[in-house]
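Notebook open, viewer running. I want to go through salt bridges, strands and a pocket, one entry at a time.

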Amino acid sequence: MTKTGGLQPDWKAILESHDRIRARIHRTPVLTSRSLNALAGAQLFFKCENLQKTGSFKIRGATNAIFSLADEEARRGVVTHSSGNHAAAVACAAGWRGIPASIVMPANAPKVKCRAVESYGGRITFCEPNVTSRAETAARVQAETGAVMVHPYDDDRIIAGQSTAAKELMEDVADLQAVLSPVSGGGLLSGTCLGSKGTRTDVRVYGCEPERADDAYRSLKSGKLQVLETSDTIADGLRASLAPRTFALLRQLVDGILLVSEAEIVSTMRLVWERMKIVIEPSSAVALAPLLRQNGLAELGFDAGSNPRIGIILSGGNVELNW
């Protein structure tokens, strides 16, 4: 191992996590698209976590965390707060373990994600759509139920589980030069850094973030953790802010944060639907959008015409389709 050595979770924890969850999750496919390659001027490899169980990468971390619990802890049940994908993943993994799951969700969470949570047996408590209300409501539910908190990203077990997506990508595609991942609370991006750089030290990892939810960009630029209380970005899965744990990891490992506009998110999402014939949610589109604009490769430090090999984490596919 390498520059990831000494960080938590370490490589041993990541390997143990993968062993713990691999029988319960999909090893999602890596897809390519000639037309998107031509638009980006790069060889793109899409890790399709939109095809994962529960429709997102979140089942990796939730499964690792819940199946890491001692029996005595598990009997108390679990509680979490989430705008949707982590909520569904916790409810699903809790069902696999046969324990109750209490889920705090913002009142403006997409209905498709609320229905998913309920279908997996999760008990929803709604809160105001801001960071403080989510945390306070979850703390109240935890006090009432005695359940164990499974935080969406501020947890080494969650980060270790999320790292397995990038680990699989690096195993399945040789000689990747960069990997792009969405960033919200930082669990996926921290895991992407650990899973990528733990496999190949010189791979570059970039986080991609909506301009309307740019706390990670501002945090890393200022060197001080910035908290975004609310956001109205269409990428509803990216409205959380970094935690001290994920901020510390990203300060050491990430190569940069790229911001994208709401218009870029929507146009990229539609483009993937049209060209690749797969459904992705806005949060997934954020990871491709920077490569589709003029000078996109230059933002990553690549020369025009260099045709670099770039991995992209398509984080989920849970989107409300109303026609």
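Entry 1, salt bridges. Is R218 buried, partly exposed or exposed? I looked it up: R218 is partly exposed, at a relative accessible area of 28%. I keep in mind that this is a predicted model. The partner of R218 is D214, and the closest N and O atoms of this salt bridge are 2.9 Å apart. D214 itself comes out buried, with 18% relative accessible area, because the cut-off for buried is under 20%.

Next I checked D155, which makes a salt bridge with R157 at 2.8 Å, N to O. D155 is buried at 9% relative accessible area, whereas R157 is partly exposed at 27%.

I then went to R293 and E264, whose side chains form a salt bridge at 3.1 Å, N to O. R293 sits in the loop between α13 (282-288) and α14 (296-299) and E264 in helix α12 (residues 262-276), so this pair ties together parts 29 residues apart in sequence. I also noted a network: R27, K167, E171 and D172 are joined by salt bridges that share partners. My count for the model is 23 salt bridges.

Entry 2, back to R157. What does the backbone oxygen of R157 lie 2.8 Å from? I found a polar atom of the N64 side chain there. N64 belongs to helix α3 (residues 58-68), and N64 counts as buried because its relative accessibility is 2%. So R157 goes into my notes twice: its side chain meets D155 in a salt bridge, and its backbone oxygen has N64 as a neighbour at 2.8 Å.

Entry 3, strand β10. How many residues of strand β10 (residues 309-314) are buried? I get five of six, and I wrote the strand down as mostly covered. Strand β2 (residues 43-48) runs parallel to β10, and six bridges join the two. Within that pairing I picked out L44, which stands opposite I310 of β10. Strand β7 (residues 178-182) also pairs with β10 in the parallel sense, over three bridges. There I marked L180, whose bridge partner in β10 is I312.

Entry 4, the open sheet. In which order do its four strands come? I read β5-β4-β3-β6, with parallel pairing. At the edges I have β5 (123-127) and β6 (148-149), each pairing on one side only. For the pairing of strand β3 (residues 78-81) with strand β4 (residues 101-106), I noted four bridges, running parallel. V79 is one residue to click on here, as it stands opposite S102 in β4.

Entry 5, the largest pocket. What volume does it have? The value I wrote down is about 180 Å³. I went round the lining and listed H81, V131, R134, A135, H151, Y153, D154, V227, A240, S241, L242 and A243. Sorted by class, the lining has seven nonpolar, three polar and two charged residues. Which helix gives the most to this lining? I have helix α7 (residues 131-145) down for that, with three residues.

Last note to self. When I reopen the model, I'll start from the R293 and E264 salt bridge, then go to β10 with its parallel partners β2 and β7, and finish at the largest pocket with α7 in its lining.

Note on methods:
Residues numbered from 1 in each chain as written. Predicted model: local features only at pLDDT ≥ 70, side-chain atom pairs only at ≥ 80, totals over all residues. Heavy atoms only, no water. 1 Å grid on protein atoms, 1.4 Å probe; cavity = no way out; pocket = protein on both sides within 12 Å on 5 of 7 lines; lining within 4 Å. Points joined across faces, edges and corners; volume = space filled by probe spheres on them. Nonpolar A, V, L, I, M, F, W, Y, C, P; charged D, E, K, R; others polar. Salt bridge = Lys/Arg side-chain N within 4 Å of Asp/Glu carboxyl O. Buried < 20%, exposed > 50% of the residue type's maximum accessible area, 1.4 Å probe, protein only. Pairing = 2+ DSSP bridges. Polar contact = N/O pair within 3.5 Å; in protein donor to acceptor, adjacent residues only side chain to side chain.
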